[in-house]
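Please open the structure in a viewer and keep the selection tool at hand. The tour below proceeds from one selection to the next.

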Amino acid sequence: MKILVCISHVPDTTSKINFTEDNTKFDSNGVQFVINPHDEFVLTRAMWFKEKQGASITVVNVGNISTEPTLRKALAIGADDAIRVNTEATDGFYVAKQLAEVIKNGGYDLIMAGKESMDYNGGMVPGMTASILDYNFVNACIGIEIEGNKATVTRDIDGGKEILSTELPLVIGGQKGLVEDKDLRIPNMRGIMMARKKPLKVVEPVDFDPTTVITDFEKPTPKSNCKIIDADKVEELVDLLHNEAKVI
Amino acid sequence: MAQDLYQAPDYYHLDDLLTDEHKLIRDAAREWIKREVTPIIEDVAQKAEFPKQIIDGLAKIGAFGSFIPEEYGGSGLDHISYGIIMQEIERGDSGVRSTASVQSSLVMYPIWKFGSEEQKQKYLPKLATGELMGCFGLTEPNHGSNPGGMETKYKDMGDHYLLNGAKLWISNSPFADIAVVWAKNEKGRVHGLIVERGMKGFSTPETHHKWSLRTSATGELIFDNVKIPKENLLPGKSGLGAPLMCLDSARYGIAWGAIGAAMDCYDAALRYAKERTQFGKPIAAFQLQQKKLTEMITEITKAQFLTWRLGVLRDEGRATSAQISMAKRNNVEMALNIARESRQILGAMGITGDYSIMRHMMNLESVITYEGTHDIHLLITGMDITGIPAFV
Ligand SMILES: Cc1cc2nc3c(=O)[nH]c(=O)nc-3n(C[C@H](O)[C@H](O)[C@H](O)COP(=O)(O)OP(=O)(O)OC[C@H]3O[C@@H](n4cnc5c(N)ncnc54)[C@H](O)[C@@H]3O)c2cc1C
């Protein structure tokens, strides 16, 4: 089984977020980047397929050279080879177009992506990619088993689980549940040294004009402090609601 | 210990000076410490136990001989990689870092540099995986800062050597499988010998009741007419210069490690100061606390640069012993001061095991003494710049 794991390179969730160029560009100065957390669960599940069912794992990222450390980490964790599509990941549709091209050329049986990336939270790439290729698609997976050409996929639904059966080739959007936090792997020194020798292929993007343009980013307004009023001072509460908060 | 929320301070984007591989190694060590060490370390420190269960993990993150060539089971990495691994480990605990320093710089290093090919093949791969653990015996009851006066000696008995004497304050001794021991021959020349646990007349009693480095086992090495096979002598180098070369490697790692302890204390103090409210404000809003925090990050940043530069020099083969002394001395004192100041920022909470600060502070009292005391490093720099030794 040939697996393609789509990896995005996102700011660590503890990073301070700022924008430049008139609030149209993300300021990456001093920001630490990590493998998108959903993708890490997916990659670990792919490693189980590799170890238990002899699958091969290719990792792919659409991004410029600054994302290579993230691919190298995936190789150190155990992926066999990596592909970087050398372009800015402008929007979801653009990325899906690029991934579809990689998939067409590589002939993968199973394409595993995180259900969304933690930077722009678009949540569109896996579905769009499947649609471009006319492959089966299941989103928000928390479990997957493959036997021959058949896949049994578990999804999180409101208040329960949904179990689907489908066929390869298949694209999934995955998340925690595929594996748990304790299963996530820390690259060991042997893995890091082996990753040096594993191929990381850089391919040029297919020509395609992004269909959306970012015009502005806005940060959420800071949470205001809460005031605690004694239960016996109802008048003060009414006064504050009326004159300060102006809600009554 | 409370949840480990550590975020490493990097005020001047020093990360930009590291390679992608350095960062990969560093982040792996950092994650491993967070996952495997901080959850258990306070408990084992309180019980004064060496956490044997983490030996395998230490080996996997490259804590044992990262600079030893791959043919001997090491990772063949540069010295900056070694430094950043030590930094991450000491961020967790100086005692654990001590175990890794001893194994890498004081046991694997001399075998690699001064050992015979057979000795390298026999010991290094097993030391790299932690299957064998080692210790280093230089200090004696009557000879600490002045190891040249050592009394431990061996006699050539024709087909073997006969070793007599005692070493004190030896990290890892209570559980080590092998000891690299420095002793004088009949002519008074210092040589290194590999002593194996189980040899008749060799014992390793543990030193108890330490208030410092409680996660690292410390003990004695006692040699009572121990027969040492001749092939256990390190043939490559003799004289006090041989153990001093090992100390250079270890002190270099300590210079990096101490910054890790300082970063952990600063990070905890900064977070606490922003959350703890007194007089209606977070204590971080008071100038006195800001002064402490500002001076801490300034000192950490200076030490990070000093040490990174030392790493570059060491990788180029140009770092002198005196330069290493300066960094060890500066960084350990810096870390100890930061531990004390951070402890005060946490008020009473600072003395509890819910935070790592008091443990770091107590650990650093050993770190400022071992591998050359604070005073001795000053004398080394003093001699280097004036040309006049002031030791005696
Ligand atoms: C936890 C721990 C682990 C250790 N692990 C090891 C180990 O694995 N292997 C090993 O061989 N050793 C080890 N040591 C020993 C350590 O290296 C020695 O403690 C250190 O070298 C100092 O020796 P000392 O304690 O005998 O102090 P002393 O040499 O007696 O020094 C006492 C004081 O006098 C000062 N002093 C000494 N000489 C001078 C001078 N000429 N001028 C001015 N001041 C001077 C010192 O700075 C110090 O303040 C360890 C020590 C500790 C605490």
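Two strands pair if DSSP finds at least two bridges between them; helices (H or I, at least four residues) and strands (E, at least two) are DSSP runs, numbered from the N terminus. This is a predicted model, in which local features need pLDDT of at least 70, side-chain atom pairs count only at pLDDT 80 or more, and totals for chains, interfaces and linings use all residues. Residues are numbered from 1 along each chain as its sequence is written, while chains are lettered from A and ligands numbered from 1 in the order in which they are written.

Select first strand β8 of chain A, residues 110-114. β8(A) and strand β12 of chain A (residues 170-174) run parallel, joined by 5 bridges; here A:A113 stands opposite A:G173. Next, add strand β1 of chain A (residues 2-6), which runs parallel to β8(A) and is joined to it by 4 bridges. In this pairing A:V5 stands opposite A:M112.

Now show the side chains of β8(A). A:L110, A:M112 and A:G114 point one way, and A:I111 and A:A113 the other. 5 of the 5 residues are buried (20 or more other C-beta atoms, placed from the backbone, within 10 Å of their own), so β8(A) is largely enclosed by the rest of the structure.

Move to chain B and select helices α8 (residues 321-345) and α10 (residues 374-386), which pack at an angle of about 140 degrees with their axes 9 Å apart. Axes are lines fitted to C-alpha atoms, for helices over the stretch in contact, and angles run from 0 to 180 degrees between N-to-C directions.

Notes: Buried ≥ 20, exposed ≤ 12 C-beta atoms within 10 Å, placed from the backbone.
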